[in-house]
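Visitor: I'm new to this one, so could you walk me through it at an easy pace?

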Amino acid sequence: MGNYDVVALGELLIDLTQNGLSPQGNPLLEANPGGAPCNVLALLSKLGHKTAFIGKVGQDGFGDQLEAALVETGISVEGLCRDEEVHTTLAVVHTLPGGDRDFSFYRNPGADMRLTKDEVNMELIRQTKIFHFGTLSMTDEPVRSATYAAIAEAERAGVLRSFDPNLRPPLWRTLDEAKEQVLFGMAHCDILKISDNEIQWLTGLEDFDAGIRWIQERFPGIRLILLSMGKEGSRAYAGGTMAQVRGFCVNTVETTGAGDTFFGGVLHHVLTWGLREYTKEELTQMLTFANAAAAIITTKKGALRVMPEKADILDLAGRQD
């Protein structure tokens, strides 16, 4: 198989998160490296897997900071491009009471949207075991065409594809267009992670199991579906088998990167065991590990550079009664 375990394509950006107040009472913003695909890679890299990222940042100070963060976390930057004209994308994260978030994006355009299909390092995709993508790289051209070309290359190469819709409504012209792209992603993936609010939005069904059946009937090619339910934990569906594991109680600071860290934990298990028919026990073990990793990341500010150690994940996972 390939030289890489997981290659991801998508957004690499700066999450501006509030970190206290100035003496004048103004919010102090901390520039945290972020972007869902790289959060997934960062955990996998921490767990000893070989990863690479394909995407675009600005030729600016934030772009330098992001490239340095990838190098520091062991993610290969050979697929990273720089844009001379457009600045690195920014997301201002407002943490709400209880740790949930609200996003405002500075991305009209942002460098991440300007990746062209000619700039995609196809060699990386041909050389990996899993190709990972989301929908932030499907909101606008030219990055949408770049994403489609990368998915097609992964299909030709027989590479497993993992998909996280990661819906951010403010970034879409219309939610109908978002739905169209989410369905495209589902038609081209083997492994899907979807959140509780995303599945209700997509299917129009309140009941999660009914929503999963809606997806399975339309997209029989998806072999493993993960449903993340925030504090409530998560579920996994593989064929006719379902497992559910509740979340861990931790002192949550903010939830940035929790879903990505969870997905990274799942992909770690897929890389370890292969993608096959899992038993309920195996799915439970997978979810327990992934939930533990996600819980730990919520106790820290940011995600990409502060991923948990494997020993800490296993330690917390072992405490699930």
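Guide: Before we look at open spaces, a pocket here is an open set of grid points with protein on both sides within 12 Å along at least five of seven lines. Please also keep in mind that this is a predicted model.

Visitor: Okay, how much space lies in the second largest pocket?

Guide: The second largest pocket holds about 170 Å³ of space, and its lining includes Phe105, Arg107, Asn108, Trp172 and Arg173. Sorted by class, that lining has five nonpolar, two polar and three charged residues.

Visitor: And the largest pocket, which residues lie nearest its centre?

Guide: Those are Asp100, Arg101, Thr255, Ala258 and Gly259, out of 50 residues that line the largest pocket. The elements giving two or more residues to this lining are β2, α1 (36–46), β7, β10 (191–195), α6 (196–203), α8 (258–273) and α9 (280–297). About 1300 Å³ of space lies in the largest pocket, and its lining is made up of 20 nonpolar, 18 polar and twelve charged residues.

Visitor: You mentioned β2 and β7; which strand does β2 pair with, and in what sense?

Guide: Strand β2, residues 13–21, pairs with strand β6, residues 90–95, in the parallel sense over four bridges. Within that pairing, Asp15 stands opposite Ala91 of β6.

Visitor: So where does β7 come in?

Guide: Strand β7, residues 101–106, pairs with β6 in the antiparallel sense over six bridges, and one of the residues involved is Leu90, whose bridge partner in β7 is Tyr106.

Visitor: Switching topic, what about closed cavities, how many of 30 Å³ or more are there?

Guide: The count comes to one cavity of 30 Å³ or more, and about 70 Å³ of space lies in the largest cavity. Its lining includes Glu11, His132, Phe133, Asp164 and Asp260, while α1 and β8 (128–134) each supply at least two lining residues. By class, the lining of the largest cavity divides into five nonpolar, four polar and three charged residues.

Visitor: Last thing, how many disulfides turn up?

Guide: A search of the whole structure finds zero disulfides.

Visitor: Why does Cys189 have no bond to the closest cysteine sulfur?

Guide: The closest cysteine sulfur, in Cys38, is 20 Å from the sulfur of Cys189, which is too far for a bond, because a disulfide needs the two sulfur atoms within 2.5 Å.

Visitor: Is Cys189 buried or exposed, and what about Cys249?

Guide: Cys189 counts as buried, because its relative accessibility is 4%, whereas Cys249, at 83% relative accessibility, counts as exposed.

Terms used: Residues numbered from 1 in each chain as written. Predicted model: local features only at pLDDT ≥ 70, side-chain atom pairs only at ≥ 80, totals over all residues. Heavy atoms only, no water. Pairing = 2+ DSSP bridges. Buried < 20%, exposed > 50% of the residue type's maximum accessible area, 1.4 Å probe, protein only. 1 Å grid on protein atoms, 1.4 Å probe; cavity = no way out; pocket = protein on both sides within 12 Å on 5 of 7 lines; lining within 4 Å. Points joined across faces, edges and corners; volume = space filled by probe spheres on them. Nonpolar A, V, L, I, M, F, W, Y, C, P; charged D, E, K, R; others polar.
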